[in-house]
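Visitor: I have a model open on my screen and I keep meeting words whose meaning I would like to understand. Could you go through it with me?

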Amino acid sequence: MDLIKPSRLKRGDKVATISLSWGGAGDKDILWRYNIGKNRLHEEFGLEVIEMPHTLSGTEFIYNHPEKRAEDLMLAFKDKSIKAIFSCIGGYESIRMLPFIDFDIIRNNPKILIGFSDTTITHMICLKAGITSFYGPSILAGFAENVKMFDYTKRWIDKVLFDSSIIGNVDSSPIWTSEYLPWEEKNKFIERNTQSNNGYVLLQGKGIVKGHLMGGCIEVLEMIKGTELWPGNDLWDNSIIFFETSEDKPEPRYVEYWLRNYGSQGILQKVNGIIFGKPYDNLYYEEYKKVILNVIREELKLVHLPILYNMNFGHTSPIITIPYGAMAEINCEKKSFSILDASVI
């Protein structure tokens, strides 16, 4: 996949925060948490952080004005002094920005954009514009982690966004958590409890396969089917798809429905492999495995398609940062995952 790679980040660079979906970062009871995330970007990564005009306008304004969110996004891409764009948080309806997007502005001003969950929409906007973007932590969920950022999350930000060398082997996190502590200021000094992680799980497949990375939050991807953002067949060909589920914890039957649609479109028959993130709260861990294999192995007879499960990206912390379009590798014998490209220049 021939996407334009953005320039790597350097200490001292100016970066922007933006509310693409939910506007909670600007709400008075959550602003403290936003400021923690903003300060982490400065203190941990040496970045100068600015807000776009409507970043902190609050939930009601952000919901009512998708055109202003898109305006902020266009301004951030056009501003040559801004080297990266950090999503404040996900949400549910950033698809409403679509009528107000100028793809040429994005294509002509490639730079890092990072976020996850509903930011999947903006990643698909960047994909249509032809640039690499990054599925990774947001300001409120990742950078503003209680007490301190997870070392694993921080390490992959450093490697993927600040380093122009090949990313290489992506090891599994030794721990995981999706414990939710209410976003009240009194809780900022309380660390979330973590549990031991059991590494990547190979559901099926043999040998080594390679492919460019495509995907996102599986529920959010449903919102773009049938729109101009839905990738054409050429973008799915020979890819490695990454899927993860959100904190909504969709019932297994819905994951089955959605995967069946990918099969009905012929997409799963085109890809070289699939990786799945760890489910939120580890709920439906076994049930998801069952429906994945039912659709892919039993119904579609794709018995040799490599599938790695229980990976560290998305809604369960800590997480890696995934560059769209980068060439990746699944090694079934070693149960390993590697990214074979540099994602920045």
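Guide: Here is a short conversation about the words used for this structure and the values behind them. Please keep in mind that this is a predicted model.

Visitor: Let's begin with Leu202. Why is Leu202 called partly exposed?

Guide: Leu202 has a relative accessible area of 21%. Buried means under 20% and exposed means over 50%, with partly exposed in between. Because 21% falls between those two cut-offs, Leu202 counts as partly exposed.

Visitor: Where in the fold is Leu202 found?

Guide: Leu202 belongs to strand β9, residues 201-204. Its C-alpha atom is separated by 9.4 Å from that of Lys334, although the two residues are 132 places apart along the chain.

Visitor: Which residues is Leu202 in contact with, leaving aside its neighbours within four places in sequence?

Guide: They are Ile307, Leu308, Cys332 and Lys335. Contact means heavy atoms within 4.5 Å, so each of these residues meets that cut-off with Leu202.

Visitor: What makes strand β10 mostly covered?

Guide: In β10, residues 208-217, 8 of the 10 residues are buried. Buried means under 20% relative accessible area, so that is the cut-off these 8 residues meet.

Visitor: How do you know that β10 pairs with β15?

Guide: Two strands pair if there are at least two bridges between them. β10 and β15 (residues 327-331) have 5 bridges, so they pair, and they do so in the antiparallel sense. Within this pairing, Val209 has Ile330 as its bridge partner. β10 is also joined to β11 by 6 bridges, and these two strands run parallel. There, Cys217 stands opposite Glu244.

Visitor: What makes β2 and β14 edge strands?

Guide: The open sheet has 6 strands in the order β2-β1-β3-β4-β5-β14, with mixed pairing. β2 (48-51) and β14 (322-323) each pair on one side only, and that is what makes them edge strands. Helix α3, residues 66-78, packs on the sheet and touches β1, β3 and β4. The direction of α3 makes about 150 degrees with that of β3.

Visitor: How do you know that β4 and β5 pair?

Guide: β4 (residues 112-115) and β5 (residues 134-135) are joined by 2 bridges and run parallel. At least two bridges are needed, so this pair meets the cut-off. Ile114 stands opposite Phe134 in β5.

Visitor: Now the empty spaces. What makes one of them a cavity and another a pocket?

Guide: In a cavity, a 1.4 Å probe fits but cannot get out, whereas a pocket is an open set of points. The structure holds 2 cavities of 30 Å³ or more. About 90 Å³ of space lies in the largest cavity. Residues lining the largest cavity include Ile218, Phe243, Val255 and Tyr309, and β11, β12 and α10 each supply at least two residues of that lining.

Visitor: What is the make-up of the lining of the largest cavity by class?

Guide: The lining has 8 nonpolar, 2 polar and 1 charged residues. Tyr288 is one of the lining residues, and Tyr counts as nonpolar, so Tyr288 belongs to the nonpolar class.

Visitor: And how much space lies in the largest pocket?

Guide: About 660 Å³. The largest pocket is lined by 30 residues, and Ile89, Phe116, Ala141, Trp183 and Glu247 lie nearest its centre. By class, the lining has 15 nonpolar, 10 polar and 5 charged residues. Glu counts as charged, so Glu247 is a charged residue in this lining.

Technical notes: Residues numbered from 1 in each chain as written. Predicted model: local features only at pLDDT ≥ 70, side-chain atom pairs only at ≥ 80, totals over all residues. Heavy atoms only, no water. 1 Å grid on protein atoms, 1.4 Å probe; cavity = no way out; pocket = protein on both sides within 12 Å on 5 of 7 lines; lining within 4 Å. Points joined across faces, edges and corners; volume = space filled by probe spheres on them. Helix = DSSP H or I, 4+ residues; strand = E, 2+ residues; numbered from the N terminus. Axes fitted to C-alpha atoms, helices over the stretch in contact; angles between N-to-C directions. Buried < 20%, exposed > 50% of the residue type's maximum accessible area, 1.4 Å probe, protein only.
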